[in-house]
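This report covers a metal site and the nonpolar cores of one protein model. The sequence and structure come first.

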Amino acid sequence: MSESIILGIESSCDDTSAAIIKGNSILSNIAANQAIHKEYGGVVPELASRAHQQNIIPVVEKSLTKANIQQNAISAIGFTRGPGLLGSLLVGTSFAKSLAMSLDVPLIEVNHLQAHILAHFIEDANPMPPKFPFLCLTVSGGHTMIVLVKDYFDMEIIGKTTDDAAGEAFDKIGKIFDLDYPAGPIIDKLAKEGNPDAFRFNKPKLENYDYSFSGIKTSVLYFIQKEVRKNPDFIKENLKDLCASVQKCIIEILMNKLEKAAKDLEIKEVAIAGGVSANSALRKAMEDNHKKSGWNIYIPKFEYTTDNAAMIAMVAQLKFERGEFTDLRTGATSKYDL
Ligand code: KG4
Ligand code: ZN
């Protein structure tokens with residue numbers, strides 16, 4: 001791997017992040033999270049792009065200081081071109097372009113989804129990187145898909161959600177329970193003290209490797225409405241059991257399809273990526289498959305699971321080695337296939 005120093009910039013949703021990579025080693029990975037969205041129970045696009053504008057310069061400066069490097073040591077600038085919120089993407093894209101122009105270094109566009117997957121190749125993400133071909137369950141607030149990764153830039157989506165993403169399901173169900181946004185990590189925490197078999201919710205019956213999470217959300221909503229009519233304190237009195245049961249159901253839905261894909265394709269290299277891969281029940285289910293089915297499992301370090309610029313810098317480094325540079329006229333794109 002080239003030892004070039006590259007700056008990565010991520011601004012696809014509500015985290016403004018900048019990272020410096022040397023080879024595949026991360027020298028700094030700085031993120032400014034936007035607390036403002038908590039008040040609204042979800043990301044407000046207009047507020048997100050405004051906060052990116054405020055955060056981007058201090059975040060990039062901090063990434064340089066933490067890595068202890070000067071601007072003129074940077075060989076290229078990688079940025080998230082998409083997918084994501086257009087207004088948010090535009091802030092990172094415009095900033096990356098102007099900095100690349102002023103430093104006279106190449107610009108490298110990065111697909112955010114590829115970056116979640118290729119984060120596994122960051123030096124300290126895993127004790128060992130996955131071997132091709134591997135399966136990667138990519139689960140975040142915006143995406144849920146099983147990807148067959150044949151090579152760094154040769155990926156095929158073999159299954160994906162037909163409605164909500166898994167993280168979105170955690171967040172929306174959390175809202176029904178009156179939890180703060182994002183509810184995923186809160187449900188995970190409360191579930192630790194609850195009984196996962198206390199309540200049962202509907203699971204979708206889809207034939208292939210596709211997912212659906214709108215059914216469980218509706219099933220929880222109707223169940224809660226019915227119980228709250230009988231006992232207004234139902235949620236409060238059963239919160240931990242509700243969280244544990246919902247989490248069990250979502251993780252079972254995710255794992256059933258992943259197990260089926262691994263079996264059908266006879267692949268034992270299995271990775272997870274994206275914000276929901278921080279979930280403790282998902283991590284445990286992966287470990288169970290390591291013991292039970294001999295999977296070699298790849299669960300990235302926590303800081304590389306949620307949106308971060310380290311993963312953007314990693315992809316930019318791989319593209320830099322291949323001489324894949326981006327024209328300064330290239331624009332951000334809200335939709336961007338793998
Ligand atoms: O990858 P990410 O940071 O942003 C997107 O690209 O969407 O993922 C954020 C999502 C949110 O829906 C959040 O609730 C979920 O990941 N999440 C979790 C956990 N930590 C984050 N869901 C379940 N359990 C967790 N521990
Ligand atoms: Zn993401």
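## Zinc site

The donor residues of the zinc ion (ligand 2) follow the sequence spacing H-x3-H-x190-D. The site joins distant parts of the chain: His112 belongs to helix H3 (residues 112-118), while Asp307, 195 residues away, sits in the loop between strand E10 (296-298) and helix H9 (310-321). The model is predicted.

Coordination of the zinc ion (ligand 2) comes from His112 (NE2), His116 (NE2) and Asp307 (OD), at 2.1 to 2.2 Å. The angles among the 4 donor atoms run from 92 to 147°, and the site is irregular. It does not count as tetrahedral because that would require all angles to lie between 85 and 135 degrees.

## Burial of the donors

His112 is buried, with a relative accessible area of 5%. Asp307 is also buried, at 18%; the cut-off for this class is under 20%.

## Nonpolar cores

The largest nonpolar core has 50 residues, of which Phe177 and Ile250 touch the most other members. Two or more residues each come from strands E6 (134-139), E7 (144-151) and E9 (269-273), and from helices H4 (166-176), H5 (184-191), H6 (214-230), H7 (234-265) and H8 (280-293). The greatest contribution is that of H7, with 16 residues.

Beyond its neighbours within four places in sequence, Phe177 is in contact with Val220, Ile224, Ile235, Leu239, Leu242, Cys243 and Val246. Another core, of 35 residues, lies apart from the largest one; Ala125, Ala271, Ala313 and Val315 are among its members.

Methods:
Residues are numbered from 1 along each chain as its sequence is written. Chains are lettered from A and ligands numbered from 1 in the order in which they are written. This is a predicted model: local features need pLDDT of at least 70, side-chain atom pairs count only at pLDDT 80 or more; totals for chains, interfaces and linings use all residues. Side-chain values use heavy atoms; hydrogens and water are left out. Donors are N, O and S atoms within 2.8 Å of the metal (3.2 Å for Na, K and Ca); water is not among the atoms, so sites may look incomplete. Four donors count as tetrahedral if all angles lie between 85 and 135 degrees; four count as square planar and six as octahedral if opposite donors are over 155 degrees apart and all others between 65 and 115; anything else is irregular. Helices (H or I, at least four residues) and strands (E, at least two) are DSSP runs, numbered from the N terminus. Buried means under 20% relative accessible area, exposed over 50%, partly exposed in between (1.4 Å probe, protein chains only). A nonpolar core is a set of buried Ala, Val, Leu, Ile, Met, Phe, Trp, Tyr and Cys residues joined through side-chain atoms within 4.5 Å. Contact means heavy atoms within 4.5 Å.
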